[in-house]
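Student: I should like to go through some of the terms applied to this structure and see the reasoning behind each one. May we begin?

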Amino acid sequence: MDESSQDAPLTFDLSELAGFQFGPNWARERTKASDYSAVPERPASPRRRERGDAPRRDREPRQDRQDRPRRGAPRQQQRREPVRRELPAPAEGLRVELRPSNNILTVFSTEIQRQKRAHSLLDLARVVMKQKDRYDIVFMKQEGGPSLIHSLKEDGACWLSEAEAMAYLHKAPWFSELYSIEQVEAEAPKGTFTGIAECSLGGELIGPVNWHGYQPAVAVLYKSKYSHMDMGAFRAAIRVNKSEEAVQAWLQQASARTVWRPTREGAQDTELPSLRAVEEDFREHHFAEVYETVDKVFVNGSTPFDRLSSGLAAHVSILSGRHRHTPQILIPNLCHGLARHRMPIFRWHTRHYTGPSRIRTVPEDLVLADRMVAILEWSKQNSGKKVEAMYAELSGVPAGADDEGKKAAAEAYDPYTADMIWLIDQGFILVTNDNSIWYPKGEAAPKA
């Protein structure tokens with residue numbers, strides 16, 4: 001999948017960067033919710049109590065505490081150690097990178113140009129890493145490495161072997177597009193059954209262990225619902241239910257059998273009696289329609305791990321964690337992505353920034369209108385102060401408290417807004433995302 005195929009509808013906003021429009025707070029219009037649908041963030045955890053908020057009790061020596069009678073010992077004995085799942089080994093033979101998704105780069109370029117504000121790339125990197133769907137993991141086959149079997153459907157699945165792709169077939173969201181499932185009448189099994197094997201994970205009735213169809217039924221349930229698990233762990237979750245209700249429920253269930261029918265034109269009357277038959281039909285008629293074998297693929301960071309080969313999922317987990325902990329390592333790829341969107345990159349105050357334009361020196365022979373000169377002079381003398389202070393001082397109209405005062409201030413500020421936008425677009429002044437206005441190059445402003 002190339003980068004252009006990622007132009008899905010935008011699902012981000014820049015709420016983390018506080019939408020900015022020139023003018024005092026009361027005069028700004030907030031970004032409409034219809035522009036970009038905000039994705040809620042997880043609530044922040046409560047702040048921990050700082051040292052010194054309460055007197056700290058001196059701890060007793062460890063030995064003394066061990067000798068002291070334990071209260072609630074039975075409860076502590078019931079506690080179980082947390083089960084730690086070992087991360088599978090990352091697949092070898094691949095070059096792997098984390099890059100900002102095309103969607104978030106589009107939002108950055110659109111909003112920065114609209115808001116006329118400069119942002120440090122480190123801040124933008126932090127925004128990218130706040131949500132998984134804002135970045136892609138790029139897998140590139142190296143010499144001798146595995147090919148990538150990538151789904152052409154919208155599920156984003158990616159595998160390293162045909163066997164993994166086939167195992168995913170029965171739980172894929174697009175399975176119902178290719179096959180319909182029907183229940184047809186069948187003769188109930190005969191015999192004496194005293195217990196029914198039942199899956200404790202989902203409550204499914206499998207059948208008596210002495211039934212000839214028991215092993216195929218186990219395989220069908222595993223493939224259709226639990227193939228993401230280890231087979232041994234799945235079998236360990238099977239229990240025998242000896243109640244009469246379970247026996248009767250299973251006999252009623254077994255009085256019907258499942259068949260699959262292809263939905264493709266001309267094959268609707270074909271009856272596939274087993275999952276193996278479905279797999280053979282899929283391999284012959286649909287595999288090349290659903291999957292492509294490629295040397296490079298973009299996998300979105302929000303792709304569920306059960307849609308990825310375990311070796312690829314390990315790369316996603318490791319790389320995502322590393323970039324969340326150290327977002328500055330994303331800056332080089334963020335630079336390349338913003339450059340593709342024609343966003344200027346410049347270095348200022350020891351950091352890399354992007355904004356409406358690159359900062360540059362005001363030409364000495366440039367002739368400007370009085371108001372523009374006043375803005376440049378004020379910015380030079382007050383670099384780092386807020387835009388609102390510049391408005392009030394240069395216009396001579398303070399921000400009003402009542403409706404009439406607000407209207408008068410807005411009318412007085414509008415001409416300065418238009419001139420300031422032109423100066424920003426030329427790179428002569430800079431407004432950062434905290435509403436501070438800067439004279440970045442430091443040379444004297446030209447005269448009118």
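Tutor: Please do, bearing in mind that this is a predicted model. A suitable starting point is Thr 432, which counts as buried.

Student: Why is Thr 432 called buried?

Tutor: Buried means under 20% relative accessible area. Thr 432 has a relative accessibility of 6%, and therefore counts as buried. This residue lies in the loop between strand E15 (430-431) and strand E16 (437-438).

Student: Which residues does Thr 432 contact, leaving aside its neighbours within four places in sequence?

Tutor: Thr 432 is then in contact with Arg 117, Ala 118, Trp 348 and Trp 438.

Student: What makes the pairing of the side chains of Thr 432 and Asp 434 a polar contact?

Tutor: A polar contact requires a pair of N or O atoms within 3.5 Å, one able to donate a hydrogen and the other to accept it. The side chains of Thr 432 and Asp 434 are joined at 2.7 Å, so the distance criterion is satisfied.

Student: Is Lys 116 buried or exposed?

Tutor: Lys 116 has 15% relative accessibility; the limit for buried is under 20%, so Lys 116 counts as buried. Its place is in the loop between helix H3 (102-115) and strand E2 (119-120). Its phi is near 55°, a positive value in a residue other than glycine.

Student: What is phi of His 349, and where is that residue placed?

Tutor: Phi of His 349 is near 55°, again positive in a residue other than glycine. His 349 is found in the loop between strand E13 (345-348) and strand E14 (351-354).

Student: Why are H15 and H16 called oblique to each other?

Tutor: Helix H15 (residues 387-395) and helix H16 (residues 403-426) pack at an angle of about 120°, their axes being 10 Å apart. Roughly perpendicular covers 65 to 115 degrees and roughly antiparallel begins over 145, so an angle of about 120° falls in the oblique class. The crossing of the two helices H15 and H16 is right-handed.

Student: Which residues of H15 and H16 meet?

Tutor: Among them are Val 387, Met 390 and Tyr 391 in H15, and Ala 412, Tyr 413 and Met 420 in H16. By class, this contact of H15 with H16 has 9 nonpolar, 2 polar and no charged residues.

Student: How do you know that Ala 389 is partly exposed?

Tutor: Ala 389, in helix H15, has a relative accessible area of 34%. Buried is under 20% and exposed is over 50%, so 34% lies in between and Ala 389 is partly exposed.

Definitions and conventions:
Residues are numbered from 1 along each chain as its sequence is written. This is a predicted model: local features need pLDDT of at least 70, side-chain atom pairs count only at pLDDT 80 or more; totals for chains, interfaces and linings use all residues. Side-chain values use heavy atoms; hydrogens and water are left out. Helices (H or I, at least four residues) and strands (E, at least two) are DSSP runs, numbered from the N terminus. Buried means under 20% relative accessible area, exposed over 50%, partly exposed in between (1.4 Å probe, protein chains only). Contact means heavy atoms within 4.5 Å. Axes are lines fitted to C-alpha atoms, for helices over the stretch in contact, and angles run from 0 to 180 degrees between N-to-C directions. A crossing is left-handed if the near helix is turned anticlockwise from the far one by less than a right angle, and right-handed if clockwise. Ala, Val, Leu, Ile, Met, Phe, Trp, Tyr, Cys and Pro count as nonpolar, Asp, Glu, Lys and Arg as charged, and the others, Gly among them, as polar.
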